[in-house]
Amino acid sequence: IVVGATGLIGGFVVDKLKDDDRFARIIILGRRDIETTHPKIEVFITDFQDLDKFSFWAEADCLFCCIGTTIAVAGSKENFRKVDYFIPKFLSKFCENYGISFLLVSSLGANKNSSNFYLKTKGETEDAVTHAGIKTVHIFRPSMLLGPRKEKRLGEQIGKIFMQITDPLMLGWLRRYKAVQAETVAKAMINESLKNESGIFVHENEEILNA
């Protein structure tokens, strides 16, 4: 199951799953339709309040939660939390009930005790997922993401330029902050999804870069 398939990381996850023979079925779960003719892909439309109406839960092995927004796009902090916190929380209950591995895209610096609203929300999301009783949880904390976004984010565009200039200097402990390609994050997620391990695993940016 892929949630956030129209986003930067989610799009790469879907592309890689399509070409991976180890995955026989790809369920895209989202708020709007996606045009596709690929034989492995099925698209299900949801407002994430009606998740119990779907019958695919019992057949699923892993869920890639790549959903995310910005306050600017969402329009308010409340709407931001509806996407970045409540949707993963709703999904985690189904993963717990059906024994589905949960792979969550979070953020570098995520901390439920942070004074920064974005990082606090990401930390609270991690906390909700890790306390849902799911057998296997993988949390990915990438730094600045590089890749072709459909929507333009001015602050992120400026950040990317800065990161690309400073990236050669990101050595040693600074590697933690090095910008990472969204495709690399997707690759790391798929690699971890195939491991037969139980527990809660947090993958920091420097580990993701090695995928």
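Here is a short chat between a student and a tutor about a predicted model.

Student: Let's start with the sheet. In what order do its seven strands run?

Tutor: The sheet is an open one, and its strands pair in the parallel sense. From one side to the other, the order is β3-β2-β1-β4-β5-β6-β9.

Student: Which strands sit at the edges?

Tutor: An edge strand pairs on one side only. That fits two strands here, β3 (41-45) and β9 (199-204).

Student: How many bridges join β6 and β9?

Tutor: β6 covers residues 136-141, and its pairing with β9 is parallel. Along that pairing, His138 stands opposite Phe201 of β9. The bridges between β6 and β9 number six.

Student: Now helix α6. What distance separates its end C-alpha atoms, and does that agree or disagree with the expected span?

Tutor: Helix α6 has twelve residues, 182-193. At 1.5 Å a residue, α6 should span 16 Å. Its end C-alpha atoms agree with that, being 17 Å apart.

Student: Why is α6 called largely enclosed?

Tutor: Buried means under 20% relative accessible area. Among the buried residues of α6 are Ala182, Val185, Met189 and Ile190, and also Glu192 and Ser193. α6 is largely enclosed by the rest of the structure because the buried ones come to nine of the twelve.

Student: On to the aromatics. Are the rings of Phe54 and Phe56 stacked or tilted?

Tutor: The structure holds nine aromatic pairs, so let's take this one by its numbers. The ring centres of Phe54 and Phe56 are 5.2 Å apart, with the planes at 20°. Planes under 30 degrees apart count as stacked, so the Phe54 and Phe56 pair is stacked.

Student: And what about Phe80 and Tyr118, stacked or tilted?

Tutor: Here the centres lie 5.8 Å apart and the planes of Phe80 and Tyr118 are at 50°. Phe80 belongs to helix α3 (residues 77-98) and Tyr118 to helix α4 (residues 117-130), so the pair ties together parts that are 38 residues apart in sequence. Given that 50° angle, the pair is tilted.

Student: Is Phe80 buried or exposed?

Tutor: Its partner Tyr118 is partly exposed, with a relative accessible area of 35%. Phe80 has 1% relative accessibility, so Phe80 counts as buried.

Student: Which residues do ring pairs link into a cluster?

Tutor: Two of the members you have met already, Phe54 and Phe56, and both are buried. The cluster as a whole is Phe44, Phe54, Phe56, Trp57 and Phe94.

Student: Which ring has Arg81 over its face?

Tutor: There are charges over rings here: Lys77, for one, lies over the face of Phe117, at 5.0 Å from the ring centre. Arg81 is 4.5 Å from the centre of its ring, and that ring belongs to Tyr85.

Student: Which elements each supply at least two residues of the lining of the largest cavity?

Tutor: That cavity holds about 40 Å³ of space. Its lining includes Cys65, Asp84, Pro88, Leu104, Lys122 and Thr125. The elements that each supply at least two lining residues are α3, β5 (101-105) and α4.

Student: Last one: which residues are closest to the centre of the second largest pocket?

Tutor: The second largest pocket has about 320 Å³ of space. Its lining takes in 17 residues, and β2 (26-30) and β4 (62-65) each supply at least two of them. Closest to the centre are Phe23, Arg25, Ala60, Asp61 and Cys62.

Note on methods. Residues numbered from 1 in each chain as written. Predicted model: local features only at pLDDT ≥ 70, side-chain atom pairs only at ≥ 80, totals over all residues. Heavy atoms only, no water. Helix = DSSP H or I, 4+ residues; strand = E, 2+ residues; numbered from the N terminus. Expected span 1.5 Å × (residues − 1). Buried < 20%, exposed > 50% of the residue type's maximum accessible area, 1.4 Å probe, protein only. Pairing = 2+ DSSP bridges. Phe/Tyr/Trp six-rings, centres within 6.5 Å; stacked < 30°, edge-to-face > 60°. Lys NZ or Arg CZ within 6 Å of the ring centre and 35° of its normal. 1 Å grid on protein atoms, 1.4 Å probe; cavity = no way out; pocket = protein on both sides within 12 Å on 5 of 7 lines; lining within 4 Å. Points joined across faces, edges and corners; volume = space filled by probe spheres on them.
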